[in-house]
Each structure stands twice: as C-alpha cells, then as structure tokens.
Amino acid sequence: MSAPGLSLYRAASTALKPVARWLLNRRAGAGKEDPDRLTERLGQAGEPRPEGRLIWLHAASVGESQMALTVADALLDQHADAHVLITSGTRTSANLIAHRGLDRLIHQFPPVDAPDWVSAFLDHWMPDLAVFTESELWPNLILAAKARGVPLGLMNARMNRKSLDGWARWPQSARTLLGAFDWIGAADQRTADGLSDLTGQPIINAGNLKLECGLPAPDPDTLAQVKAWIGDRPVYVAASTHAGEEALIASAHKALIEEQPDALMILVPRHPERASDVAAILTEAQLSFAQRSKDETPQSAQVWLADTLGEMALWYALCPIAVIAGSFVDGIGGHNPIEASRAGASVVTGPYVDSFADVYAVYDAHDARRVAHTADEITAHVRQGWSDGGRMIENARAALDALPGGALPLTLSALNRLLDQGLPR
C-alpha cells in the first residue's frame, strides 16, 4: 500500500481487531450475525475448498446477492469444471443464497478487512477470479488478492455523488485501489464518469445488471392458495422496508382502513430478522397482523407481516400496487422497482432513490411512479392506484422498454476473459 491513506487504513484495521471481535459478538447477540459462523468473519473457512477452478463473487446484502446469484448461475452453466463462492455480509443474504440451492455454489461470510484475517481467507480459498459488486471496496481484501495475482473485476459499480466526492479527497488511495481491478463495469454513466476521473482510465458504462436479474417465478400452487385467502380484498405490498419506515407506513395504512376497512397491507421487511421490531410497531399502531413465518394466514388481519425470504415475486404477483421502501428515509438510496413493474404492480416510492437515480429518471420521464413524502401521501397514492393503477402500469411497461439492456452478456464476457487469464492451478 504505497498511498498514505491506504497505509493508514491497514495499520488501523490491524490495531482495531479487538474492537472488531467485540463488535461481532455484540452483533451476534443482537441477531445481526450468525453466532455459529462467526469464525468465518475471522477468515476461518466453514467448508473445504473444492477441487478445480473457484470463482469468487463478493456481494454486500440482498440486492447484490440476487445479482450475484444470476451471474453465478450463468457462470456455472458455462464452466462445468468450476465452483462459485459467494460472500455476503448479512444473514438475510446468506439465507437467500441457501434458498436458491444451486449446485457447485458455496456461501461464506466475508472476513473482516484486517490483514491477517484476509490472508487466512485467501490462503484457504485460493480463488481463480475475484469479482466485487457495486461499491464493496475493501482495501485489504482487494489489494491482498491483487498481490497474489488473482484477476479482479468490479461489476455493476455504483457510486452516488457523495461517495465519488469522498474518494476524490483521497486521490492517490482511490487510484491505487481502483487500479487494482483488471476490469470495471459501471452500472450508470454517473459512476462511469466519476471512476474515469478517479482512475485516469476510461471506465465503461456496462449497464445496470439489476435490470436483468429477475426473481424466480412464484410457485403456482402457493399463489393460488394465497389468492384464495385474500379473496377480493383491496391489497398492496410495502416492499423492503427499513428501520424508520414502518411507523410511517403503518400510519398510512391506519388512515386507509378508516375508508376501506377490509384493506390488506402485505408488509415485507428488508431484513426478516427485524420481524419482532416491526411487530412491535404494528402493535403500537393498533393494527392487527398475521405473521407469515409462523404460518399465520391473513383473512382476519389488517397487515400480513411477510417476514420470510425468497417470496418477493409472490407478493408482487398478488398486489396491484407496490410501495417500494428504502426510499422514505435518507441514506438508504431506494430499491429496484423493476420486478414490481414486470409483475404488473404500479409503483409508489419515497423521495430518496439516489441508488437507482438512472432507473427512476426513466420512470419519471414516463410518469411511471408516484412519489410520497408523508403518510397522507402514501395513503392517497395507494387509494389512487386502486382506481387508476392500469395507467401507471402501462407507463411502467413503456419505461421498462426504454431502459438500456445488455449488461449481463457484457459482464459475463468480461469475467470469462479474466478467468481465462487466471493463474494455472
């Protein structure tokens, strides 16, 4: 690490290992880490390395893991001799990956970015290709892999203006770290331009991979059963909610059921392990609810708390309106509306959608979403969606047609080139 900022980071990450251990144990006690797999966070593998080539994909959380699964599926299909290792940092994403059950796919939690824990991880797994996603830039992990001659890719690179400005304050560190990658594919033009400035090299706008990573279709029998439970009740989904959003959405639903007492909201927390916190919010709001993880059905409930994994396609298929959360509090950046639109749900969001600014710009150009700033506006937009949602859905289909495609084949082509350049095993 020749850049002063990276050298400082390396020293700090070594010195703070005792603090990292304490934080991991505290997170495990709070249910945010798997206590049975904490050693993986210290670089100690939970499984043996398989024979043959190993492609390592590193993701952050659920959205990136869904994208990594799509890429992994394609790579496994193309390389019968290879295994794929996906690392991701949350229990929710780990469960999502396990749910897919792909052959020759391994999940691990990534090591905390301290030099010796990183070394232990790389000593064991010896990847033939390492691919990071979006803005998951862990300096020790990236530079240690580079020093071992592992080809490095950064797919679907996405940075908002704040992140780009932050890296610009450390230009030498940014150039060293980003220069370690053999290929970078930006998800949007803002990121491509920003990374080109930071690296001094042209970075291509490969397109947004998340636009091409579809959800598995819902089980038809399950879909039919749930439709029977709901009947002709007006229903909508509040998708991928975060802390600070459920109280707002609960308030909106309270107002909605005053006018339509049989209305049902399907509430899907982004992280199902927060179910008890969400249940407490619903109880405080005096909303009756059924809990999906407990096999409770929604016939007599005002809210169905869908605290399960791998069922988002089911909820979108059921609901004519999707309130896409992660957008009602600043700092999250919103979530992808594409799957909701593909399923035929009209889209309502909050104002904070910077992580998908390119997508929502196309939506807005086609009048394909409604933006709510308050609980009252959420209520009004849901009510309006039940009456004229068809127009918004048609507008969303036009927006989908206008979005650029081709990111997946371009990314796969680049990753295959890197894999062919890898070290012989």
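**Sheets, helix α9 and selected residues**

Lysine 227 is located in helix α10, which spans residues 220-230. In this predicted model, lysine 227 is classed as partly exposed, because its relative accessibility of 45% falls between the limits of 20% and 50% that separate buried from exposed residues. Although lysine 227 and leucine 318 are separated by 91 residues in sequence, their C-alpha atoms are placed 7.0 Å apart in space.

The strands β1 to β7 form an open sheet of 7 strands, in the order β3-β2-β1-β4-β5-β6-β7 and with parallel pairing. The edges of this sheet are occupied by β3 (105-108) and β7, each of which has a single partner strand, so that one side of each remains without a neighbour in the sheet. Within the sheet, strand β1 (residues 53-58) runs parallel to strand β4 (residues 129-133), and the two are joined by 4 bridges; tryptophan 56 stands opposite alanine 130 of β4. In general, the strands of a sheet pair through backbone hydrogen bonds, in either a parallel or an antiparallel sense.

The loop between α5 (115-125) and β4 holds methionine 126, whose phi is near 40°, a positive value in a residue other than glycine. Methionine 126 is partly exposed, as its relative accessible area is 39%. A positive phi, of about 60°, is also found at aspartate 295, which is likewise not a glycine. Aspartate 295 lies in the loop between β10 (289-291) and β11 (303-305) and, with a relative accessibility of 69%, counts as exposed.

Helix α9, which comprises residues 189-199, has as its buried residues Thr191, Ala192, Gly194, Leu195, Ser196, Leu198 and Thr199. Several of these positions, Leu195 and Leu198 among them, can be read against the general geometry of such an element: an α-helix has 3.6 residues a turn, so residues three or four places apart point the same way. The cover over the buried residues of α9 includes the strands β5 (152-157), β6 (183-186) and β7 (204-205), together with the helices α7 (161-168) and α8 (171-178). At the N-terminal end of α9, aspartate 188 acts as a cap, with a side-chain oxygen placed 3.4 Å from the backbone nitrogen of arginine 190. Just after α9, glycine 200 adopts a positive phi of about 75°.

A further pair of strands is formed by β8 (residues 235-241) and β9 (residues 264-269), which pair in the parallel sense over 6 bridges. Since 7 of the 7 residues of β8 are buried, this strand is largely enclosed by the rest of the structure. Threonine 241 has proline 269 of β9 as its bridge partner. The C-alpha atom of threonine 241 is separated by 9.7 Å from that of histidine 335, a residue 94 places away along the chain.

Histidine 335 belongs to the loop between β12 (321-324) and α14 (338-342), yet it counts as buried, because its relative accessibility is 11%, under the 20% limit. When residues up to four places away in sequence are left out, histidine 335 touches Ser240, His242, Arg270, Ile324, Ala325, Gly326, Phe356 and Tyr360. With one of these residues, histidine 242, the side chain of histidine 335 makes a polar contact of 2.8 Å.

Threonine 70, in helix α3 (residues 62-78), is also buried, given its relative accessibility of 15%. Neighbours within four places in sequence being set aside, threonine 70 is in contact with Glu212, Cys213 and Leu408.

On the surface, Leu16, Val19, Trp22 and Leu23 make up a nonpolar patch of about 390 Å². Leucine 16 is situated in the loop between α1 (4-15) and α2 (17-29) and, at 48% relative accessibility, counts as partly exposed. Aspartate 401, in helix α16 (residues 375-402), is exposed, with a relative accessible area of 67%. Between aspartate 401 and alanine 11, which are 390 residues apart in sequence, the distance from C-alpha to C-alpha is 49 Å.

Note on methods. Residues are numbered from 1 along each chain as its sequence is written. This is a predicted model: local features need pLDDT of at least 70, side-chain atom pairs count only at pLDDT 80 or more; totals for chains, interfaces and linings use all residues. Side-chain values use heavy atoms; hydrogens and water are left out. Buried means under 20% relative accessible area, exposed over 50%, partly exposed in between (1.4 Å probe, protein chains only). Contact means heavy atoms within 4.5 Å. A polar contact is a pair of N or O atoms within 3.5 Å; within protein, one must be able to donate a hydrogen and the other to accept it, and residues adjacent in sequence count only if both atoms are side-chain atoms. Patches are made of residues with over 30% relative accessible area and no salt bridge: like charges are joined within 9 Å, nonpolar side chains (Val, Leu, Ile, Met, Phe, Trp, Tyr) within 5 Å. Accessible areas come from the Shrake-Rupley method with a 1.4 Å probe; for residues, only the protein chains shown count as cover. A salt bridge is a side-chain nitrogen of Lys or Arg within 4 Å of a carboxyl oxygen of Asp or Glu. Two strands pair if DSSP finds at least two bridges between them.
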